[in-house]
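Reader: I have a new model open on my screen and would like to learn how to read it. Could you walk me through a few features?

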Amino acid sequence: MLTPLDKSKWNEANAAHLLNRAGFGATPVEIERARQNGLAATVRDFVEVKADAASVPPPAWAHPRNIRAQRMEIKAAKDRGENFRTKIRDVRMMEGDEMIDLRRWWLDRMLNGPAPLLEKMTLFWHGHFATSIQKVRDAYWMWLQNDTLRRNALGNFSGLVKKISRDPAMMIYLDLQQSRQEHPNENWARELMELFTVGIGNYTEQDIRESARAFTGYRIDFTTQQFRFAPFQQDHGQKKFMGRTGNLSGDDIIDTLVSRPACAQFIGRKLWRFFADDDPPAPIVDSVAATIRKHNFEIRPVLRDIFSSAEFYSDRARGSQIKSPVQYIVQTSKMLDAPAPPPLAAQNAMRQMGQILFAPPNVKGWDGGKQWISTSTLLFRYNFANYLINGDAILPANVRQPRQGADVGFGRAAQYAEQIKREPIDVAKLIPADLRTKPREIVGVLAKRLFQTAPAQKELDVFAEFLESRGPDPTDANLRELIHLMMSTPQFQLA
Amino acid sequence: MKTKPTLQTRRKFLRTSMLGAAATWTLPVFLEKTFFALDALAADAATQAVTGKDGTVLVVLQMAGGNDGLNMVVPYADDAYHVARPRLRLASEQVLKVDHHIALNPKLTGVKSLYDEGHVAIVQGVGYPNPNRSHFRSTEIWQTASDADRTLNEGWLGRYFDNCCSGADPTVGVAIGEETPQAFAAKNPTGVTFSRPEQFRFRPSEPGNGQMSAEEILFRQLNETGGGDDGGTAASNAGGSIGAIPGKTKSDLSTLDFLQRTALDAQLSSDKILAIARKYKSTVPYPQGQLAASLNVIARMIAGGLPTRVYYASQGGFDTHAGQINTHDRLMGEFNDAVNAFVADLKQQGNFERVLVMTFSEFGRRVQENANGGTDHGAAAPMFVFGGAVKAGLFGKYPSLTDLDRGDLKFNTDFRSVYGTVLDKWLKAPSQTVLGRKFPALGIV
């Protein structure tokens, strides 16, 4: 079991750690407030999310469409010998715009929403039940899955898996909607075990075949874009699965899997990796797994125990994680007290840093950790920081005016310049006026805001000397330069 | 004071002299520590290293979107071809005949000359079992060299970097483009990605005026010393103590050490790439177009001796569902002209013998043309492998145009046979380790 953190250990550093990991970072004022409120109250604020926090109004375009009619129309145009490609392109173009907007919408929830842990957990489940627009090809379905993940993010795990087994985006992604009695599709059945519940090595090929039969009859209604069940496609025969025999349903399979000891271990390890430590020692995984079993896979109390534990605040966990690209974008915006980058710039940045929301590389999701960082992504982070701080004026000409048709959705070059517009940040929000002429104090204030682990005095001196070299009365531009430098460091990548 | 590691190999010398050139102040403890770890890596026998002036180079050329193999390597003597392609067929009079059965697309004049010179291997009927017809999935299969029913995270080149190049220079893999190809995905990410050399650099806030700004100078200091030079940061960092022990692999470094090393790598690579880009310009004229521009960058990097083993470039636009004839001809022309210039450039440099180019596409296209003068997603297709040391000829068998799998050509050569051969014979890397099992070798090199 996890050991509760002693109340006396609650301090500013631990408060900052919790706000980084359970949410998306915080300003010094917010950290101080959390410190004053105490551990229990701060954890409670994160975990006890009001029911309506999950009822988020969808983006305006996110409603079911009659996809069947749309496809019939394209087919009819094709049959009439008309140029149906234009129609398909229009659909794709709309899909591209909707996806940019969906990413904007979610980043806005993370940055400004009332329940950061809910968004963080939704992000966790998105990586866990990884599903990509590249195959699903419909923004409404991607939103619908996101909504399902959010509504169940802190609830019961087996309930969530059952909802996901009926989620159209997932069904398309893993070909479940094609599964018929005569041809049970094993793609979903395999990933359900390998990636979603018990992990590799804890099932047999026979288990996959039998469970694939149990999930037959799951269908999507293409006129309403909703799940439907087709009893005539279902295999009603006897199935033998992990010691159970009978006319097992898909839900029976999920219940069986979640009851296996391997499931709590698998989910526990993944949760700990996401929230605390990339490389968890076995005893900690055992403790988290025990916590999960104790709470019968109810995620909310599990998270409460994790965030209240001494292990979560250990040296191993604190300041040791590389920010994911999404964390980088949201946390930096918070730290700089600046709006999120414009939708298109944010999407491009996610692409360059290797984590595009709603487009994980494959069904395994993002590996994270050191895999976020290569020479190219690190340099990109440094240069992206420059854009976040100084705005679009610093972008080189070829970025501000890309080639015509450079990418799907970005083809309209005239709109593009507008879509990446950004003002420089307001340094007055970060540096009190009375410190303006005191380089050392400025560096101290900024370091506290930007770094999770306090830099050594020697480094602080180097920054201060740099600022001093700019003259006795630094301009806003000088200060932005300093902030960019502080962010263009290995240390800034850590949270 | 620490004792400097003795430098026994040329590569170690290069690495350290680069550092020497970049670092204008005393080596801080952190760097000593990291370079000890690097040194341990260099001792690893499996490590693949080139100095940039010798050693073989692989250039992977992706034709994205699904290239119509039937109109690239044309079975002109087969009636079934002309029947299936009433509008798209290339007439026997126009095509560039290779033998009595197959010919090249009329636009591939340069490739044909190269073939006649004995430098092109045409591998026919390449694919894999249970072909997937989704761009996304099939590209992933080619990039990761997985079976069709398996998902792998690491790319095949990434596994080559992981297994055979640990401790090598980060420019061991260079991808030209906006995004790193999945083929490069690795447990310990290495390789660099950029579309223009000028782009792969740190941009200071203040505009440059030819000289290095104060900001840039400080940036260099910060990212070379990592700042944690007196142990202050390292000690308070969770994994700091781990990093103090020289590790065998990059993954043994603590997270902060890992970041610091990558930052240093980024800066050294950026310096090298920019320096080469400034110094080496091609005298061979290149045509317009994305692929030509990419190959031009690669040729300059090769000329400048970047210690790279694998370059990656791609040409897009092959998803020709409608009005294919003009589009595909244009793409073939672009490909031919870009390759022509690249080969001429390499020959002039004297590097043609060192370079092997391999093309691939996620799938070929349906044998039967569709109602819109295009073709739909197919399966097996040919690959080109060319270079000064390549054994020319036809490999594999041209698939039957009548014995089809759901309207598509059946493969007879697994694409991993081509990868395996390139790994074993060209890069001298154990293909079994990289691909997970042994595939039959081809006599292409």
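Reader: Let me start with one side chain. Which residues does A:Phe24 touch, not counting residues up to four places away in sequence?

Author: Happy to help, and please keep in mind that this is a predicted model. Setting aside those sequence neighbours, A:Phe24 touches A:Leu19, A:Met110, A:Pro116, A:Glu119, A:Lys120, A:Leu123, A:Gln327, A:Val330, A:Gln331 and A:Lys334. The residue sits in the loop between α1 and α2 (28-37) of chain A.

Reader: Is A:Phe24 buried or exposed?

Author: A:Phe24 is buried, because its relative accessible area is 1% and the cut-off for buried is under 20%. Sequence distance can be compared with distance in space as well: A:Phe24 and A:Ala495 are 471 residues apart in sequence, yet their C-alpha atoms are 9.8 Å apart.

Reader: Where is A:Ala276 found, and what does it touch?

Author: A:Ala276 lies in the loop between α14 and α15 of chain A. Leaving out residues up to four places away, its contacts are A:Arg21, A:Leu271, A:Phe312, A:Ala317, A:Ser320 and A:Gln321. A:Ala276 counts as buried because its relative accessibility is 0%. For A:Gln321, 45 residues along the chain from A:Ala276, the C-alpha separation is 7.7 Å.

Reader: Now a helix, please. Which residues of α16 in chain A are buried?

Author: Here is the general idea. An α-helix has 3.6 residues a turn, so residues three or four places apart point the same way. In α16 (residues 299-307) of chain A, the buried residues are A:Ile299, A:Pro301, A:Val302, A:Leu303, A:Ile306 and A:Phe307. They pack against α1 (12-21), α3 (39-47), α6 (116-128), α9 (157-165), α14 (261-275) and α15 (282-294) of chain A.

Reader: And chain B: how many helices and strands are there?

Author: Chain B has 14 helices and twelve strands. Of its 445 residues, 62% are buried. Among contacts in chain B between residues at least 6 apart in sequence, 73% link residues at least 24 apart.

Reader: How many residues does each chain bring to the contact between A and B?

Author: Chain B contributes 61 residues and chain A contributes 58. About 4,900 Å² is buried between the two chains, with carbon and sulfur atoms giving 57% of that area. On the chain B side, B:Phe136, B:Arg203 and B:Leu259 lose the most area to chain A, together 13% of what that side buries.

Reader: How should I look for empty space inside?

Author: Rolling a probe the size of a water molecule over the atoms shows where empty space is left. In the whole structure, the search finds six cavities of 30 Å³ or more. The largest holds about 140 Å³ of space. Its lining has 23 residues, and B:Trp142, B:Ser361, B:Phe363, B:Gly364 and B:Ala381 are the closest to its centre.

Reader: Which elements supply that lining, and what classes of residue does it have?

Author: In chain B, β5 (120-127), α5 (135-144), β9 (355-360) and β10 (381-387) each give at least two lining residues. The largest share, three residues, comes from β10(B). By class, the lining has 13 nonpolar, nine polar and one charged residues.

Reader: Last one: how many disulfides are there over all chains?

Author: The count is zero. Take B:Cys165, which is in no disulfide: the nearest cysteine sulfur, on B:Cys164, is 5.8 Å away, while the cut-off is within 2.5 Å. B:Cys165 is buried, with a relative accessible area of 5%.

Note on methods:
Residues are numbered from 1 along each chain as its sequence is written. Chains are lettered from A and ligands numbered from 1 in the order in which they are written. This is a predicted model: local features need pLDDT of at least 70, side-chain atom pairs count only at pLDDT 80 or more; totals for chains, interfaces and linings use all residues. Side-chain values use heavy atoms; hydrogens and water are left out. On a 1 Å grid over the protein atoms alone, a cavity is a set of points where a 1.4 Å probe fits but cannot get out, and a pocket is an open set with protein on both sides within 12 Å along at least five of seven lines; lining residues have an atom within 4 Å of a point. Grid points are joined across faces, edges and corners, and a volume is the space filled by probe spheres set on the points. Helices (H or I, at least four residues) and strands (E, at least two) are DSSP runs, numbered from the N terminus. Ala, Val, Leu, Ile, Met, Phe, Trp, Tyr, Cys and Pro count as nonpolar, Asp, Glu, Lys and Arg as charged, and the others, Gly among them, as polar. Buried means under 20% relative accessible area, exposed over 50%, partly exposed in between (1.4 Å probe, protein chains only). Contact means heavy atoms within 4.5 Å. Buried area is the accessible area (1.4 Å probe) that two parts lose on being put together, summed over both.
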